[in-house]
Amino acid sequence: MTTLANIELTCPVCGTRFVSQRIASTNSVGQDTDFRPITIGLDPQPHYVHVCPRCMFAAFEGDFENAQDPVRDFVLAREHHPEELVAGGGRAALSGSTKYLLAARCYRHDTRASDLRLADLYLRASWCARQESLPEREAESQCEAIMLFEKALDASEVAEDQARTILYLLGELYRRVGRFEFAIAMFDRALESIGEDEEGEEDEEDEEAGERFEDLIRRQREAADNGHSENMTIESD
């Protein structure tokens with residue numbers, strides 16, 4: 001079960017002190033095929049990001065220690081337009097997808113934030129939107145994640161041992177937004193990268209994990225080839 005713990009944070013933008021909640025413990029009983037963890041009970045994803053209730057600065061807990069001047073200026077100028085993301089619950093009850101979208105807008109002005117980190121924020125926003133039954137927001141977040149993952153690949157920002165996973169994830173996101181030709185192309189690139197690594201030595205456990213991942217790529221490629229865009233889960237052993 002997921003459990004929470006109260007923490008006190010000080011906003012590095014406006015100085016407001018407030019209480020938020022961090023994850024104390026959680027669990028995972030599986031994954032969706034875009035790597036969203038499936039948990040029992042409370043979904044932990046919304047609680048990894050914290051939002052100042054006054055200025056709506058949003059970030060991970062560790063990044064509440066300081067904020068760069070461009071981020072501070074962006075937030076104080078209200079250029080992140082927080083109100084357009086806040087649904088009927090108001091600021092006191094922000095949804096998980098809103099938290100991640102606010103954070104993504106803030107991190108875009110942080111020179112320390114890579115395209116890969118921004119892509120991950122939008123990916124997590126799409127996970128939350130799925131849980132919130134907001135298909136349009138889910139698709140919009142997936143499209144943002146696609147653009148940023150591709151940008152990270154083009155800029156050689158992705159480590160060699162991460163590339164196959166990112167290629168697979170791009171294929172899966174393209175499949176989910178109905179861009180099946182692009183999905184198949186990305187899945188094929190991921191499969192080609194497996195062939196390039198065949199000469200390397202792997203222990204038995206790594207080899208089994210590699211085979212399971214290859215099976216997953218082929219299964220999702222087949223789904224794209226058959227025009228399926230629905231959410232799917234990773235089959236357990």
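Accessible areas here come from the Shrake-Rupley method with a 1.4 Å probe. On that basis the protein chain of this predicted model exposes about 12500 Å², of which carbon and sulfur atoms supply 45%. Of the 237 residues in the protein chain, 44% are buried.

## Overall architecture

The protein chain contains 7 helices and 6 strands, and their order along the sequence follows the pattern β-β-β-β-β-β-α-α-α-α-α-α-α. When contacts in the protein chain between residues at least 6 apart in sequence are considered, 62% of them join residues at least 24 apart. The aromatic pairs, the nonpolar core and the salt bridges described below include examples of links between separate parts of the sequence.

## Aromatic pairs

A pair of aromatic rings is described by the distance of the centres and the angle of the planes. The structure holds 7 aromatic pairs. In one of them, the rings of Phe18 and Phe64 have centres 5.9 Å apart and planes at 65°, and because an angle over 60 degrees counts as edge-to-face, the pair is assigned to that class. Phe18 belongs to strand S2 (residues 17-25), while Phe64 sits in the loop between strand S6 (58-60) and helix H1 (69-76), so that the pair links distant parts of the chain, 46 residues apart. Phe18 counts as buried at 7% relative accessibility, and Phe64 likewise counts as buried, at 6%.

A further pair is formed by Phe60 and Tyr107, whose ring centres lie 6.1 Å apart and whose planes meet at 40°, so the pair is tilted. Since Phe60 lies in strand S6 and Tyr107 in helix H2 (residues 96-107), this pair ties together parts that are 47 residues apart in sequence. Phe60 is buried with a relative accessible area of 17%, and Tyr107 is buried with a relative accessible area of 4%. Elsewhere, ring pairs link Phe35, Tyr168, Phe187 and Phe213 into a cluster.

## Nonpolar core and the surroundings of Val71

The largest nonpolar core has 61 residues, and those that touch the most other members are Phe57, Val75, Tyr107, Leu121, Phe149 and Ile217. Helix H3 (residues 115-131) provides the largest share of this core, namely 9 residues. Leu121, when its neighbours within four places in sequence are left aside, is in contact with Phe60, Tyr100, Ala103, Ala104 and Tyr107; both partners of the tilted ring pair, Phe60 and Tyr107, are therefore among the residues that Leu121 contacts.

Val71, which has its place in helix H1, counts as buried at 2% relative accessibility. Not counting residues up to four places away in sequence, Val71 touches Phe57, Cys106, His109 and Asp110. The C-alpha atoms of Val71 and Arg108 are separated by 8.2 Å, although these residues are 37 residues apart along the chain.

## Salt bridges

Side chains of opposite charge can pair when their charged atoms come close. The count comes to 17 salt bridges, and the table gives some of them with their N to O distances.

| Residue pair | N to O distance |
|---|---|
| Glu8 and Arg17 | 2.2 Å |
| Arg117 and Asp63 | 3.1 Å |
| Arg72 and Asp69 | 2.7 Å |

In the pair of Glu8 and Arg17, Glu8 is exposed, with a relative accessible area of 51%, and Arg17 counts as exposed at 60% relative accessibility. The salt bridge between Arg117 and Asp63 ties together parts that are 54 residues apart in sequence, because Arg117 lies in helix H3 and Asp63 in the loop between S6 and H1. Arg117 is partly exposed, with a relative accessible area of 34%, and Asp63 is partly exposed with 21%. Arg72 and Asp69, by contrast, are 3 residues apart in helix H1 and so are separated by about one helical turn; Arg72 is partly exposed at 23% relative accessible area, whereas Asp69 counts as exposed at 51%.

A network of salt bridges links Asp32, Asp34, Arg36, Arg130, Glu138, Glu172, Arg175 and Arg176.

## Nonpolar surface

On the surface, Met1, Val29 and Ile40 form a nonpolar patch whose accessible area together is about 310 Å². Of these residues, Ile40 is placed in the loop between strand S4 (37-38) and strand S5 (49-51), and counts as partly exposed at 45% relative accessibility.

Notes: Residues numbered from 1 in each chain as written. Predicted model: local features only at pLDDT ≥ 70, side-chain atom pairs only at ≥ 80, totals over all residues. Heavy atoms only, no water. Phe/Tyr/Trp six-rings, centres within 6.5 Å; stacked < 30°, edge-to-face > 60°. Helix = DSSP H or I, 4+ residues; strand = E, 2+ residues; numbered from the N terminus. Buried < 20%, exposed > 50% of the residue type's maximum accessible area, 1.4 Å probe, protein only. Core = buried A, V, L, I, M, F, W, Y, C linked by side-chain atoms within 4.5 Å. Contact = heavy atoms within 4.5 Å. Patch = residues over 30% accessible without salt bridge, like charges linked within 9 Å, V, L, I, M, F, W, Y side chains within 5 Å. Salt bridge = Lys/Arg side-chain N within 4 Å of Asp/Glu carboxyl O.
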